[in-house]
Amino acid sequence: MGDPVYREKPQLHYAGDFTWNSMSGRSVRLRSVPIQSLSELERARLQEVAFYQLQQDCDLSCQITIPKDGQKRKKSLRKKLDSLGKEKNKDREFIPQAFGMPLSQVIANDRAYKLKQDSQRDEQKDTSDFVASLLPFGNKRQNKELSSSNSSLSSTSETPNESTSPNTPEPAPRARRRGAMSVDSITDLDDNQSRLLEALQLSLPAEAQNKKEKARDKKLSLNPIYRQVPRLVDSCCQHLEKHGLQTVGIFRVGSSKKRVRQLREEFDRGVDVSLEEEHSVHDVAALLKEFLRDMPDPLLTRELYTAFINTLLLEPEEQLGTLQLLIYLLPPCNCDTLHRLLQFLSIVARHANDNISKDGQEVTGNKMTSLNLATIFGPNLLHKQKSSDKEFSVQSSARAEESTAIIAVVQKMIENYEALFMVPPDLQNEVLISLLETDPDVVDYLLRRKASQSSTSSVLPAAVQACPQYPASVFTP
């Protein structure tokens, strides 16, 4: 990844010390940012930069590959026979929407269901609005017939401004119009409107696996990727954060298999499940574990299994940085879901010990330390595919050693999750240098947005603030 010749483009260059000068002459100093705040294009380039650094600077003694999003796995003979038996023995009432399928497909299903709900609500609203618009017309017509039967003069008393047809409002100005707007009109907006529109134009995950090739051919967006966390994972984490942090032995105490199965079926049917206080903490905890356990490919992916384990062979001061680079290699849906899960587990671990509340009352801890949580979740997040029966006959001591390594890696992630998902200035710098070689205009736009994120006090979250006044051709629909 050679350094570009900056003399050819003096209006846009890297000024050193991770500071860039934009085409407008503004100096932009890079700072650490959450990976979710990067654009889709930046995250794709970050994968390449991380892959290069892992190969050049980290000796993990294994082959490293960038995992593919939604990659289809070959079914084992046993799984094929089981699936055939199930199809013969029972009729399928529904196609699963959440459990036992690729993570990207789960997220696409969630979004499709939400779009369907939104569409139904809009149709209901349009119908009610249409009926409401007819009521004045019906009343007016009824009043007119009554008045004309009583007096012929009444029929001529209408003013020219009155109409017997429903009132049709004039089209709203484009800036006030509801719904989508063409990217070609971005340049017509003022700064505030442009910033808001760009902030809302998040890249969305592929709708389904059969559109994977088309999505790959599309130009990557210059806006942050739509947050790709399954509804089930987010709902379970929110419920447990609200009701389960003081529950002793959360994730260890047994649950009701019947109630868990019912919740599972509701999520699998795409039902808009609302987890309330009356739902058992242990049932929701079991549901979350089942979802992670049943994923066809673990959250940390099988391609990177050995690489994650081998980080423990490095010097302690190198382990965290190497884990960070490996996380950058994950598909965005895996990365975002892992962040949400580790954030939740970190909160649970902070409530593990007993403490005293503000009013002097003793609060019992949940006893779930980061080690305990890693012991439970580690095997579900990080494991390798058993491709042959011979792998089942490995010595128990070797399996125990491997299990200990998995737990140690996941524990380190729980304890350092905030740092792991931040992108330091030096890596952002490498991303911009690689982009500068191919498209300096894109780099200038990204620099403008980074400057806006660091200097503005807008009400918009920093992760989605965008810089206005950039040609519409840069954006992808």
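These are my notebook entries on a few features that I looked up in this structure, which is a predicted model.

**Entry 1, helix α1.** I began with helix α1, which covers residues 40-57 and so counts 18 residues. From its first C-alpha to its last the helix reaches 25 Å, and I noted that this is close to the 26 Å expected at 1.5 Å a residue. I then looked up which residues of α1 are buried, and the list reads Leu41, Glu42, Arg43, Arg45, Leu46, Gln47, Val49, Ala50 and Leu54.

**Entry 2, aromatic pairs.** Next I turned to the aromatic rings, and I found that the structure holds three aromatic pairs. In one of them, the rings of Phe99 and Phe291 have centres 5.8 Å apart and planes at 80 degrees, and because that angle is over 60 the pair is edge-to-face. This pair links distant parts of the chain, since Phe99 lies in the loop between α2 (77-89) and α3 (103-150), while Phe291 belongs to helix α8 (residues 281-294), 192 residues apart. Both Phe99 and Phe291 are buried.

I went on to Phe251 and Phe344, whose ring centres are 6.0 Å apart and whose planes stand at 75 degrees, so this pair is edge-to-face. Phe251 is in the loop between α6 (231-243) and α7 (257-268) and Phe344 is in helix α11 (residues 332-350), so the pair ties together parts that are 93 residues apart in sequence. Phe251 and Phe344 are buried, and I also noted that they form one aromatic cluster with Phe377.

**Entry 3, a charge over a ring.** Returning to Phe99, I asked myself which residue has its charged end over the ring of Phe99. I found that this is Arg264, whose charged end sits 4.1 Å from the centre of that ring.

**Entry 4, cysteines.** I then checked for disulfides, and the count comes to zero. For Cys335 I looked up the closest cysteine sulfur, which is in Cys333 at 9.5 Å, and this is too far for a bond because a disulfide needs the two sulfur atoms within 2.5 Å. Cys335 has 1% relative accessibility and therefore counts as buried. Cys58 has 16% relative accessibility, and because the limit for buried is under 20%, Cys58 counts as buried.

**Entry 5, Ser346.** My last entry concerns Ser346, which is found in helix α11. Its relative accessible area is 10%, so Ser346 is buried. Leaving aside the neighbours within four places in sequence, I found Ser346 in contact with Ile414 and Tyr417.

Technical notes:
Residues numbered from 1 in each chain as written. Predicted model: local features only at pLDDT ≥ 70, side-chain atom pairs only at ≥ 80, totals over all residues. Heavy atoms only, no water. Helix = DSSP H or I, 4+ residues; strand = E, 2+ residues; numbered from the N terminus. Expected span 1.5 Å × (residues − 1). Buried < 20%, exposed > 50% of the residue type's maximum accessible area, 1.4 Å probe, protein only. Phe/Tyr/Trp six-rings, centres within 6.5 Å; stacked < 30°, edge-to-face > 60°. Lys NZ or Arg CZ within 6 Å of the ring centre and 35° of its normal. Contact = heavy atoms within 4.5 Å.
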